[in-house]
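Colleague: Could you choose one part of this model, look at it closely, and then lead me outward from there to the rest of the chain? I am in my first year, so please go step by step.

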Amino acid sequence: NGTNTVTLIGPAATADVTVTLPASTGSLATTAANNVWAGSQKATVTALTSTSNVMAIAILTSNDFSHTFTENTTLSNPSDTAVAGQSGSIYLTQHASSPKTLAFGSEYDFAGGTAPTVTATNSARDRLDYVVRADGKIEITSVLNLS
């Protein structure tokens, strides 16, 4: 009939669901296969906020994050368990009229052991790229003063 049927097995308290997919000329992507994508893949950029000088991050909710400074803040250790191999970026925008500072939780590691200093210019843009080495070990590189 030109369709593919997949049965999704749910938790014991949830009924199984059968989903009919449209006809396909290829295979469905799976987590156990080396998948090839014909189009670009994009993560939603998740906005982070700072409250009481702490910027909370749930790292498993996205790969890419953004933050516009409103106060001096510390990027907290993730509130969830980071998974080795995850990577992404944190896009930072300085306060428009009064530059702020950024400190880091203990799970972040930096080249040479020194955390970057965000650009202290009104509305400056910086980017932090991260790779999770293991839970509790997140490597950060920085691209500062983008223009």
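Modeller: Let us begin at E139, which is partly exposed, with a relative accessible area of 31%. Please keep in mind throughout that we are reading a predicted model. What does E139 pair with? E139 forms a salt bridge with R133, and the closest N and O atoms of this pair are 2.7 Å apart. The partner, R133, has a relative accessibility of 56% and counts as exposed, because the limit for that word is over 50%, while values from 20% up to that limit are called partly exposed. As a general matter, side chains of opposite charge can pair when their charged atoms come close.

How many salt bridges does the whole structure contain? A search finds three of them, and the pair of R133 and E139 is one. Another joins D109 to K137, with the closest N and O atoms 3.8 Å apart. Here D109 belongs to strand 10 and K137 to strand 12, so this pair ties together parts that lie 28 residues apart in sequence. As for their surroundings, D109 is partly exposed, at 29% relative accessibility, and K137 is likewise partly exposed, at 40%. There is also the salt bridge between the side chains of R127 and D129, with 2.9 Å from N to O, and in that pair R127 is partly exposed, with a relative accessible area of 24%.

From the charged pairs we can move to the nonpolar core, and I138 is a useful place to do so. Leaving out residues up to four places away in sequence, I138 touches D109, which we have just met, and also I59, P78, A82, E107, Y108, Y130, V131 and V132. I138 is also listed, together with L75, I90, L102, Y108 and Y130, among the residues with the most contacts inside the largest nonpolar core, which has 20 residues. The elements that give two or more residues to this core are strand 8 (87–93), strand 9, strand 10 (108–110), strand 11 (125–134) and strand 12 (137–146). Of these, strand 11 supplies the largest share, three residues. In soluble globular proteins, nonpolar side chains tend to be buried together.

Strand 9, which we met in the core, leads on to a sheet. Which strands form it, and in what order? Four strands make an open sheet in the order 4-5-7-9, and their pairing is mixed. Strand 4 (50–51) and strand 9 (102–104) stand at its edges with a single partner strand each, so one side of each has no neighbour in the sheet. At one of these edges, strand 4 pairs with strand 5 (residues 54–55) in the antiparallel sense, over two bridges.

Within strand 4 we find S50, which stands opposite M55 of strand 5. Is S50 buried or exposed? With a relative accessible area of 13%, S50 is buried, because buried means under 20%. The side chain of S50 makes a polar contact of 2.6 Å with the side chain of E71, and another, of 2.7 Å, with the side chain of T73. If we set aside its neighbours within four places in sequence, the residues in contact with S50 are M55, H67, T70, E71 and T73.

H67, in that list of contacts, takes us to another set of paired strands, since the bridge partner of H67 in strand 8 is L92. Strand 6 and strand 8 run parallel and are joined by four bridges. Strand 6 (residues 64–68) also runs parallel to strand 3 (residues 45–47), to which three bridges join it, and there A47 stands opposite S66.

Finally, let us step back to the whole chain. It has zero helices and 12 strands, and 27% of its 147 residues count as buried. Among contacts between residues at least 6 apart in sequence, 48% join residues at least 24 apart, and the pair of D109 and K137, at 28 residues apart, has a separation of that kind. The chain exposes about 9,200 Å², of which carbon and sulfur atoms supply 53%.

Notes: Residues numbered from 1 in each chain as written. Predicted model: local features only at pLDDT ≥ 70, side-chain atom pairs only at ≥ 80, totals over all residues. Heavy atoms only, no water. Pairing = 2+ DSSP bridges. Buried < 20%, exposed > 50% of the residue type's maximum accessible area, 1.4 Å probe, protein only. Polar contact = N/O pair within 3.5 Å; in protein donor to acceptor, adjacent residues only side chain to side chain. Contact = heavy atoms within 4.5 Å. Core = buried A, V, L, I, M, F, W, Y, C linked by side-chain atoms within 4.5 Å. Salt bridge = Lys/Arg side-chain N within 4 Å of Asp/Glu carboxyl O. Areas by Shrake-Rupley, 256 points an atom, 1.4 Å probe, with all protein chains shown as cover.
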